[in-house]
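Take a look at the chain and its fold. Then follow the text from one part to the next.

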Amino acid sequence: MAERAGSPPRRVGLLGGGVIGGGWAARFLLNGVDVRLFDPDPEAARRVEAMLANARRAYRKLTLAPLPAEGELTLVTSVEEAVATVDFVQESVPEREEVKRALLAAACRAADPGVVICSSTSGLLPSDLQADMERPERLAVGPPFNPVYLLPLVEVCGGERTSPATLQRAADVYRSVAMWPLVLRREVEGFVADRLLEALWREALWLVNDDVATVEEIDDAIRYGAGLRWSFMGTFLTYRIAGGEAGMRHFMAQFGPTLRLPWTKLTDVPELTDTLLDKIVEQSDAQAAGRSIRELEELRDDCLVAVMQGLRTSRFGAGAVLDDYERALFDAGHPTVMGDDDDLSRPLRLHSARVLPEWVDYNGHAHESRYLHVFGDASDAFLRYVGIDAAHLAAGGSYYTVETHLSFLREASAGERLHVTTQVLGFDEKRLHLFHELYRSEGDVLLATAEQMFVHVDTAEGRARPAQPEVLARIAKLAAAHTALPRPERAGRAIGISGATVR
Ligand SMILES: NC(=O)c1ccc[n+]([C@@H]2O[C@H](COP(=O)([O-])OP(=O)(O)OC[C@H]3O[C@@H](n4cnc5c(N)ncnc54)[C@H](O)[C@@H]3O)[C@@H](O)[C@H]2O)c1
């Protein structure tokens, strides 16, 4: 069972803004966290912006849930400026022990005493990295996966002097930005994930070296078979199934002996001669077929999004992480239940959205179905506001939409911010009559209206039944306040051409 994620930190300090540091910046910023980043390379700002552009594009495809307002990125010129006044620090400089040790010691001196400092190292031991720190108990390693803004895994590993509270805090921070922290039982070179990858990588290099397969054929051997399974089950659960009904013991009995055959050369490393390097580079260039790194990154991100969304349908593995993330975003983006002092004298403004590029059709404007989508989300926000929460749904009661009348007044273009206002036109113990107005937020321009009728149903029996008294009481209070409002001009309209008759 996944632990619930808490609130993200307010501000983090990042040391290094390369492939990994830029990915951390994007993940934190898109989750509403301010970032202070130090990287002495003058090119770092451009690289981080490019990574952020990739990440924004990927998140737009990943979810329709309302993301928080983006955090603010500040590039600073020293370690001290990056780590002072932040709640968490992540170091992602090159994998050189002496560089990391000096930097981590400096960060430790400058950061507030309670701040946890993590390193993205792929394989250096935390006991070594914390050796020069004045407060070594606050150092843990947290190696992520590339692209950091999309892949949920981050291993969390402490050294000899790391405190348990540091491990807990690091895991909490990562969880709060929709990651899956895997807290390791003890430190080991390469940690768990990189040890596994290294074994595969070493064997792959042997196969190229010995001319058994090209780099493309090796990638095909992974992506058309085991790679697909690995995205959700991993090796052990997959092999358990492979053992059939007799299970894991049978599988081990059947395939155990092959472990002793000369199938792999795991501990031997091929010598990286110029000939082998030339061969790998040449074959890799042929495989890329002229596509730029940017193009390959976009392809990779689109495929990752597709896999994660597919897995969300089964709420399994990374799909469960995505599902929990979206629920949390919707919870944060929609108001909680009606408060005693809420101003009910105007139509409620409960839902905001923005027009995603994918909503736009061949006319260059949002497709008509997206208007209903936004109104549907506004109705959900309204129902939450009057107390239809998870407990209510679990108890078998819900409002179903039985009729919608949409009027399209103006187009909506990609990127525009939208909001919906909602007025109660009527209700009884089983029915609810709402009127929504959809606005372009800039300039408050009315784009569409929707009049909707809902019936409260017993979801188990599939029949109408009265809503809970406390829900009805809130609707009654709203309806009483909204009777003072003018009736919307388009309420109760029927479709027709006045004066025209059909023969
Ligand atoms: N690339 C991966 O797939 C991957 C995956 C997991 C972990 N890691 C780990 O993440 C770390 C960073 O790797 P990367 O791939 O992002 O490397 P990178 O070379 O892309 O980026 C390193 C960045 O650190 C900056 N830098 C150098 N010295 C610095 C200093 N003293 N202070 C601040 N910034 C400094 C460089 O200018 C550069 O922008 C390494 O420890 C690596 O092992 C990498």
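**A walk through the fold**

Start with helix α13, where the buried residues are G319, A320, V321, L322, D323, Y325, E326 and L329. Keep in mind that this is a predicted model. Helix α13 covers residues 318–333, 16 residues in total. From its first C-alpha to its last it reaches 22 Å. That is close to the 22 Å expected at 1.5 Å a residue. What lies over its buried residues? The cover includes α2, β8 (180–183) and α12.

Stay with α12 for a moment. This helix runs over residues 293–313, and L299 sits in it. Is L299 buried or exposed? It counts as partly exposed, because its relative accessibility is 41% and that class lies between under 20% for buried and over 50% for exposed. Now look for D132. L299 and D132 are 167 residues apart along the chain, and their C-alpha atoms are separated by 42 Å.

Next comes the nonpolar interior. The largest nonpolar core has 42 residues. Which of them touch the most other members? They are F28 and Y174. Helix α2, residues 44–62, gives the most to this core, with 7 residues. Follow F28 to its contacts. Leaving out residues up to four places away in sequence, F28 touches V12, L14, V33, V35, F88, V173 and V177. Another core lies apart from this one. It has 25 residues, and L15, C108, V141 and C157 are among them.

C108 leads to helix α4, where it is one of the buried residues. The others are K100, L103, L104, A105, A106 and A107. Helix α4 spans residues 97–110, which is 14 residues. It reaches 20 Å from first C-alpha to last, close to the 20 Å expected at 1.5 Å a residue. Its buried residues are covered by several elements. The strands among them include β1 (11–15), β4 (88–91), β5 (116–119) and β6 (139–141). Helices α3 (79–83) and α5 (126–129) are also part of the cover.

Finish with a pair of helices. Two packed helices are described by the angle and the distance between their axes. Helix α7 takes up residues 193–209, and helix α11 residues 274–288. Their axes come within 10 Å and cross at roughly 95°. Therefore α7 is roughly perpendicular to α11. Which residues meet there? From α7 come L205, V208 and N209. From α11 come L276, K279, I280 and Q283. By class, this contact has 4 nonpolar, 2 polar and 1 charged residues.

Note on methods:
Residues are numbered from 1 along each chain as its sequence is written. This is a predicted model: local features need pLDDT of at least 70, side-chain atom pairs count only at pLDDT 80 or more; totals for chains, interfaces and linings use all residues. Side-chain values use heavy atoms; hydrogens and water are left out. A nonpolar core is a set of buried Ala, Val, Leu, Ile, Met, Phe, Trp, Tyr and Cys residues joined through side-chain atoms within 4.5 Å. Buried means under 20% relative accessible area, exposed over 50%, partly exposed in between (1.4 Å probe, protein chains only). Helices (H or I, at least four residues) and strands (E, at least two) are DSSP runs, numbered from the N terminus. Contact means heavy atoms within 4.5 Å. The expected span of a helix is 1.5 Å times one less than its number of residues. Axes are lines fitted to C-alpha atoms, for helices over the stretch in contact, and angles run from 0 to 180 degrees between N-to-C directions. Angles under 35 degrees count as roughly parallel, over 145 as roughly antiparallel, 65 to 115 as roughly perpendicular and the rest as oblique. Ala, Val, Leu, Ile, Met, Phe, Trp, Tyr, Cys and Pro count as nonpolar, Asp, Glu, Lys and Arg as charged, and the others, Gly among them, as polar.
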